[in-house]
Amino acid sequence: MSMETFHTLTQLLDNAGCRYNIFDLGRRVNEINSDQFKAVEENRQPYPWPLQQHAHIAISFWQHQQPPWVWFLRLPLDERGLLKQAAVGDFIKYVIEAMGASLNTTPTEEEQQKLANNPYTFKPNDDKMAIFNAQLRVLLNLPASQYYTDAQAYLAGQQDWQQWQHIGLQGLADICARMSQHNNATYLRKALNHLPMTPLYALLGCLEHCSLPEPLALRITERLTVECQQQHPDLFLIAALVRALAGSKPQQLQHTLTILLNQPSLCHPEVLVAIAGRCWSGFTDTNIASLFLLRLAETQDQTLFNQLFTDLVMQPLLRGIMLQILHGQADPALINAIQKLQQHAKNH
């Protein structure tokens, strides 16, 4: 097969006889079904979870018994959310130059450098990297990292809660990815009210990428409720707790968002960014989406309003809802923010 005939990454991988898994790393770390990804590559559907008009993906692939390679790619999308084909073609050229079309040549140091430095690769942050590694190991039936047993003993309450310094982020991520094993969901639920702030934030950062069993989601919600009732609530903790609920059941998530958005004093930009970034699936309820945009307008931060609205309207799941709200508004603060947004769009 000549180089010109590879139009998509999956064609290249299939042709080389690779097995592979594809993950979205933009909003929440989760696997993308390969049929769905092929439909995206062929522009038959928009990318499901765009972030800042890009698809952030991890492709892990391997041949035979080889350890997997991983590409972390940030590919541009057009205004309809479709992959820009020229960028994919460009990346394929880089790959073939470095690894050959059979993908079984180990690139030299120089070629690896060239492949790593192309404009489409990116480095995920530590949280995402840890949870991606943890989820991939589960998927490939590989053992958890060396940090797993320590993290498990700590979360099971077998050590002093203050002695967390030796617990690795990767260990916490492994526990979250293996929630259905070894009693881990129970350990997590029971530990939640005991953890000092540093390990608590690290744990919540992992949980935002996981589907939550109901008892654990309820425990996080209780913690959130307690924090919201404080005389001086910690808005950063509220934001972290809200993000951690992204993987709770839709009804549960929408219930939490409704309560939170009905308390204007808690709708600090930090909290609103957390909701838009992780819990946007709750906006399939038009009332919640509308209330969210109103709170966003009330911050009087027009730049933030424009950024978050533009990002949300790019989500295929929300596009219709966002446009409906755009055209059917009665609230003066929201009308004003929307007019400024439209003015901004005209000028750019």
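**Exercise 1. Decide whether Ala274 is buried or exposed in this predicted model, and describe its surroundings.**

*Solution.*
Step 1. Begin with the accessibility: Ala274 has a relative accessible area of 3%. The cut-off for buried is under 20%, so Ala274 counts as buried.
Step 2. Place the residue in the fold. Ala274 sits in helix H13, which spans residues 269-278.
Step 3. Look for contacts beyond the local stretch of chain. Leaving out residues up to four places away in sequence, Ala274 touches Ala239, Arg243 and Cys279.
Step 4. Now try a longer span. Phe132 is 142 residues from Ala274 along the chain, and the C-alpha atoms of the two are separated by 20 Å.

**Exercise 2. Follow the chain on from H13 and work out where Asp285 is found and how accessible it is.**

*Solution.*
Step 1. Asp285 belongs to the loop that links H13 with helix H14 (286-298).
Step 2. Its relative accessible area is 26%. Buried would need a value under 20% and exposed a value over 50%, so Asp285 is partly exposed.
Step 3. For a distance across the model, take Ala55: it is 230 residues from Asp285 along the chain, with 25 Å between the two C-alpha atoms.

**Exercise 3. Find the backbone oxygen that the side chain of Thr256 reaches, and compare the settings of the two residues.**

*Solution.*
Step 1. The partner is Gln252: the side chain of Thr256 comes to 3.0 Å from the backbone oxygen of that residue.
Step 2. Check the secondary structure of each. Thr256 lies in helix H12, residues 250-261, and Gln252 is found in helix H12 too.
Step 3. Check accessibility. Thr256 is buried at 8% relative accessible area, and Gln252 is buried at 14%.
Step 4. List the neighbours, setting aside residues up to four places away in sequence. Thr256 touches Thr221, Leu224 and Leu245, while Gln252 touches Glu214, Ala217 and Leu218.

**Exercise 4. Examine the backbone at Gln52 and Asn141, and say what sets their phi angles apart for non-glycine residues.**

*Solution.*
Step 1. Read the angles. Phi of Gln52 is near 50 degrees, a positive value in a residue other than glycine. Asn141 is not a glycine either, and has a positive phi of about 55 degrees.
Step 2. Locate both residues. Gln52 is in the loop between helix H2 (34-41) and strand E3 (54-62). Asn141 is in the loop between helix H5 (126-139) and helix H6 (148-155).
Step 3. Add accessibility. With a relative accessible area of 54%, Gln52 is exposed; Asn141, at 71%, is exposed as well.

**Exercise 5. Divide the chain into domains and describe how domain 1 meets domain 2.**

*Solution.*
Step 1. The domain assignment gives domain 1 (9-117), domain 2 (126-210) and domain 3 (222-347).
Step 2. The C-alpha centres of domain 1 and domain 2 are 28 Å apart.
Step 3. Turn to the contacts: 15 residues of domain 1 are in contact with 11 residues of domain 2.

**Exercise 6. Describe the largest pocket, and explain which domains it lies between.**

*Solution.*
Step 1. Start with the volume, which is about 820 Å³ for the largest pocket.
Step 2. Its lining has 31 residues, and those nearest the centre are Asn306, Gln307, Leu308, Thr310 and Asp311.
Step 3. Sort the lining by element. Helices H13 (269-278), H15 (302-313), H16 (319-327) and H17 (332-347) each supply at least two residues. The largest share, nine residues, comes from H15.
Step 4. Sort the lining by class: 13 residues are nonpolar, 10 polar and eight charged.
Step 5. Bring in the domains. Both domain 1 (9-117) and domain 3 (222-347) give residues to this lining, so the largest pocket lies between them.

**Exercise 7. Repeat the analysis for the second largest pocket.**

*Solution.*
Step 1. The second largest pocket has a volume of about 280 Å³.
Step 2. It is lined by 15 residues, with Val70, Trp71, Phe72, Ala116 and Thr121 closest to its centre.
Step 3. The elements that give two or more residues to this lining are strand E4 (69-76) and helix H4 (109-116). E4 gives the most, with four residues.
Step 4. By class, the lining has 11 nonpolar residues, three polar and one charged.

How values were computed. Residues numbered from 1 in each chain as written. Predicted model: local features only at pLDDT ≥ 70, side-chain atom pairs only at ≥ 80, totals over all residues. Heavy atoms only, no water. 1 Å grid on protein atoms, 1.4 Å probe; cavity = no way out; pocket = protein on both sides within 12 Å on 5 of 7 lines; lining within 4 Å. Points joined across faces, edges and corners; volume = space filled by probe spheres on them. Nonpolar A, V, L, I, M, F, W, Y, C, P; charged D, E, K, R; others polar. Domains from an automatic or database assignment. Buried < 20%, exposed > 50% of the residue type's maximum accessible area, 1.4 Å probe, protein only. Polar contact = N/O pair within 3.5 Å; in protein donor to acceptor, adjacent residues only side chain to side chain. Contact = heavy atoms within 4.5 Å.
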